[in-house]
Amino acid sequence: MDFRYNTEQVDFRASLRGFLAETAPMPLVRDIAVEGGHDQRLWRRICSELELPALHLPPEYGGAGGTLVEAAIAFEELGRALTPVPLAGSVFAIESVLRMGNAEQRQRLLPGLLSGERIGTFTAVGPDAADPTTATVRADLHGGRPVLHGECSPVLYGHVADLFVVAAETGGTVSPFVVTADTPGLTVEPLPSFDTTRPVARLRFAHTPAEALPGSDGLDGVLDVARVLLAADMLGGAEACLALSVEYASSRMQFDRPIGSFQAVKHACAEMMIEIDATRVAVMFAAMSATDPEELAIAAPLVKAQAADTFAMCAGAAMQVHGGIAFTWEHDIHMYFRRAKTTQAVFGNSTHHRALLADRAGL
C-alpha cells in the first residue's frame, strides 16, 4: 500500500486549508463557540462550494465520487482549525442512510443533507452503540408504525439538527430509525459541552413516530467509518498543537535564549512529532481500507484509540510548553485540550477500542 497522497489530494488539502484560514480564523471560532458553536453561513458555504459532506458518496446519489481518503483529509483540516460546523454529525447521518436506507430513502433524504439545507446527526455516541442491552431508546410498533421511547445524550449538534438517525432497541437487536426535528413527541434540550466548538444536546422521545432504515446489518460499518473520520479530526488537532508549540518555543525567550533550545522542550516537541507521524500513517491506512469491510473492522478501532491517545498527549504537552498561559481563556491551546478530551470519549475511550480490536482479531 502506497502511503502517499496524490497530487489532487495534496491540492485539495491546500485549497481547504486556505479556505478555512480565510473564512474561519481562530478569533471567529471563539466568537461562534460562545454563541452556540454553529456558523450556519459557513456551513452552507462548506456544503455548496466545497461539497465536503458529499466527498466519498457515489455520483448517483449526488456525491463527488471520491473515497474515504478525501473525507479524512477534510476532517483533518477542520480538526486542525476547530471549525465550528456540524460536519461530523451530518456525515455520520449520511453514511447511515447510504448504508442502511433503501433506494427510495436514499433518493429522498440524501440531497438535502448533502446540500446543507438539512443538518443531520447520529445519536449513538456511547461505547456500546450496537449493544441492545445498553440501549436507552426503545422502538415499539403502534398501528403498524414504529414509535420511539426513551432518551439519548450527548448528541452532537443535536440543537441545530433537522434529521436524527437514532439507534434503538427493538426485538433484542439495535436498529436504526430516522426522526425529523419537527416530529411530535421529540424534545431537544441543549446541554453544556466541555468542547464549546462542538455542542451537544439531549433527545427525549415520548411515543415519537419514526421511520425505519431497513439495513440494520450496516450499523457496525457506519460506526467504523465514523471512528476513522474522528481519528482524522483528532490528527488535525494534534498537528495544530505541535505547530503552536514549535512557534511558541522558537519565540519565547528565557535566560536570553529561546525555550526551544532547552532539552526538555525539545524532547516534548519531538515526542509529539513521533506520535503524530504514527497516527498519520494509521489514519491513511484506515481510510484506504474502507473498501474492505474486514480490514476496516480491524483498522477502525485501532486508529480511534491511537489518535485519541496522540491528541490527548499533544494537547497536554502543548500546555506544558506554553506554561501557565495555556490554561487561560485568552489562549487557543485550552480549546484543543477540550476537543481532545471530548472526542476521546466518543464511541468509547481508548481502552474500549483496544478491547474491541482484540475481540475482532480473535485475541
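This report looks at the internal cavities of a predicted model and at the surroundings of Pro199.

## Two cavities

Start with the empty space inside: there are two cavities of 30 Å³ or more. The largest has a volume of about 80 Å³, while the second largest holds about 30 Å³.

## Around the largest cavity

Helix 4 (68-81) and helix 5 (87-100) are the elements that each give two or more residues to this lining. Helix 4 contributes the most, with three residues. The full lining is made up of Phe75, Leu78, Gly79, Thr83, Val85, Leu87, Ala88, Tyr157, Thr197, Arg198, Asp233 and Arg339. By character, that's six nonpolar, three polar and three charged residues.

## Around the second largest cavity

Here the walls come from Leu52, Pro53, His56, Ala71, Ala74, Phe75, Leu87 and Val91. Helix 4 and helix 5 turn up again as the elements giving two or more residues, and helix 4 gives the most, with three. This lining has seven nonpolar residues, one polar and no charged.

Phe75 and Leu87 are worth finding in the viewer, since they line both the largest cavity and the second largest one.

## Pro199 and its contacts

Pro199 sits in the loop between strand 6 (186-191) and strand 7 (200-209). So is Pro199 buried or exposed? It counts as buried, because its relative accessibility is 9%, below the 20% cut-off.

Setting aside neighbours within four places in sequence, Pro199 is in contact with Gly36, Gly37, Val155, Leu156, Tyr157, His159 and Ser193. Tyr157 is 42 residues away along the chain, yet the two C-alpha atoms are separated by 5.4 Å. Tyr157 is also among the residues lining the largest cavity.

Terms used:
Residues are numbered from 1 along each chain as its sequence is written. This is a predicted model: local features need pLDDT of at least 70, side-chain atom pairs count only at pLDDT 80 or more; totals for chains, interfaces and linings use all residues. Side-chain values use heavy atoms; hydrogens and water are left out. Helices (H or I, at least four residues) and strands (E, at least two) are DSSP runs, numbered from the N terminus. Buried means under 20% relative accessible area, exposed over 50%, partly exposed in between (1.4 Å probe, protein chains only). Contact means heavy atoms within 4.5 Å. On a 1 Å grid over the protein atoms alone, a cavity is a set of points where a 1.4 Å probe fits but cannot get out, and a pocket is an open set with protein on both sides within 12 Å along at least five of seven lines; lining residues have an atom within 4 Å of a point. Grid points are joined across faces, edges and corners, and a volume is the space filled by probe spheres set on the points. Ala, Val, Leu, Ile, Met, Phe, Trp, Tyr, Cys and Pro count as nonpolar, Asp, Glu, Lys and Arg as charged, and the others, Gly among them, as polar.
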